[in-house]
Amino acid sequence: MRSTICVAWLAALLLSSAHCRDSVHVLIVYHSEAGHTQTMAEAVARGARSVSGAKVTLLPVAEATNENVLAADAIILGSPVHNANVTPALQQFINRWPFEGAPLRDKIGAAFVTAGGMSAGEELVQMNILHSMLIFGMIVVGGPDWRSAFGASGIVEEEPFKTQTGEVATPFLAKGEALGKRVAELAKRLSTK
Ligand SMILES: Cc1cc2nc3c(=O)[nH]c(=O)nc-3n(C[C@H](O)[C@H](O)[C@H](O)COP(=O)(O)O)c2cc1C
């Protein structure tokens, strides 16, 4: 009887240690000058927070540190499109990440952008961010379907999507939320010890 209890207890212990952690950390860092990318970042954060157990940190790039990066299970970066490139502030943040010993290996990474126009650099900038993440050994993902294959993006200066300063049209915000949700869910699935 005693040995049966002991075996059952051991099995329960092993099973529980193989389970997903209860919580995962999702870090969202963005650069924004006129507020559009910040609005998109808030949508991404809403999506991530909708996943139970996801602890979400949302920071402008000027306030984000390498400690935030190291503590995260998943990192989602957002940039405006500037001349078809990531903004220097976001790239400088990435360039400061710790590299030796690959401490970011196997963290999940994803990207979002806002852009003035369609086909004026949005996917290039999403891919720039993902390329950098791959250098650090991260596992990069896009949104949940083909319409956000490289991450979320929002067009803000071209009709029919043109918005007031700082605003992003609802369909693009929905893509941002879906990206945040997917990344948080994947982080949970990868969080087995
Ligand atoms: C210096 C500069 C360069 C830009 N270059 C592009 C560009 O190449 N392609 C594009 O679609 N939009 C371009 N834009 C528009 C911004 O990407 C767009 O307004 C974006 O939403 C700004 O984000 P923010 O409001 O978060 O600063 C540029 C804006 C600035 C200020």
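Two residues are in contact when their C-beta atoms, placed from the backbone, lie within 7 Å. With that idea in hand, the predicted model can be explored from its core outward. Leaving aside neighbours within four places in sequence, V183 is in contact with V26, A48, A74, I76, I108, A110 and V141. V183 also belongs to the largest nonpolar core, which has 50 residues. Together with V26, I28, V44, A74 and I76, V183 is among the residues that touch the most other members of this core. In soluble globular proteins, nonpolar side chains tend to be buried together.

The wider layout of the protein chain helps to place this core. The chain holds 6 helices and 6 strands, and from the N terminus on these elements follow the order α-β-α-β-α-β-α-β-α-β-β-α. Of its 193 residues, 42% count as buried. Among contacts with a separation of 6 or more, 81% join residues 24 or more positions apart.

Helix α2 is a good element to follow through the model. This helix covers residues 36-49, and at 1.5 Å a residue its 14 residues should span 20 Å; the C-alpha atoms at its ends are 20 Å apart, so expectation and model agree. The helix is mostly covered, with 10 of its 14 residues buried. Those buried residues are H36, T37, T39, M40, A41, A43, V44, A45, G47 and A48. They pack against the strands β1 (24-30), β2 (54-60), β3 (74-80), β4 (108-115) and β6 (152-155), and also against the helix α6 (170-189). Two of the buried residues have already appeared above: V44 as a well-connected member of the nonpolar core, and A48 as a contact of V183.

Helix α2 also takes part in the surroundings of the ligand. The ligand has 20 residues around it, and the closest are S32, A34, T37, P80 and G116. Both α2 and β4 supply at least two residues of this shell, and α2 gives the most, with 3. Sorted by class, the shell contains 7 nonpolar, 11 polar and 2 charged residues.

A contrasting setting is found at A84, in the loop between β3 and α4 (88-95). This residue counts as partly exposed because it has 13 C-beta neighbours inside 10 Å, whereas a buried residue needs 20 or more. Not counting residues up to four places away in sequence, A84 touches A120, G121, L124 and V125. A84 and Q126 are 42 residues apart in sequence, and their C-alpha atoms are 10.0 Å apart in space.

Technical notes
Residues are numbered from 1 along each chain as its sequence is written. This is a predicted model: local features need pLDDT of at least 70, side-chain atom pairs count only at pLDDT 80 or more; totals for chains, interfaces and linings use all residues. Helices (H or I, at least four residues) and strands (E, at least two) are DSSP runs, numbered from the N terminus. The expected span of a helix is 1.5 Å times one less than its number of residues. A residue is buried if 20 or more other C-beta atoms lie within 10 Å of its own, exposed if 12 or fewer, and partly exposed in between; C-beta atoms are placed from the backbone. A residue is near a molecule or strand if its C-beta atom, placed from the backbone, lies within 6 Å of it. Ala, Val, Leu, Ile, Met, Phe, Trp, Tyr, Cys and Pro count as nonpolar, Asp, Glu, Lys and Arg as charged, and the others, Gly among them, as polar. A nonpolar core is a set of buried Ala, Val, Leu, Ile, Met, Phe, Trp, Tyr and Cys residues joined through C-beta atoms within 7 Å.
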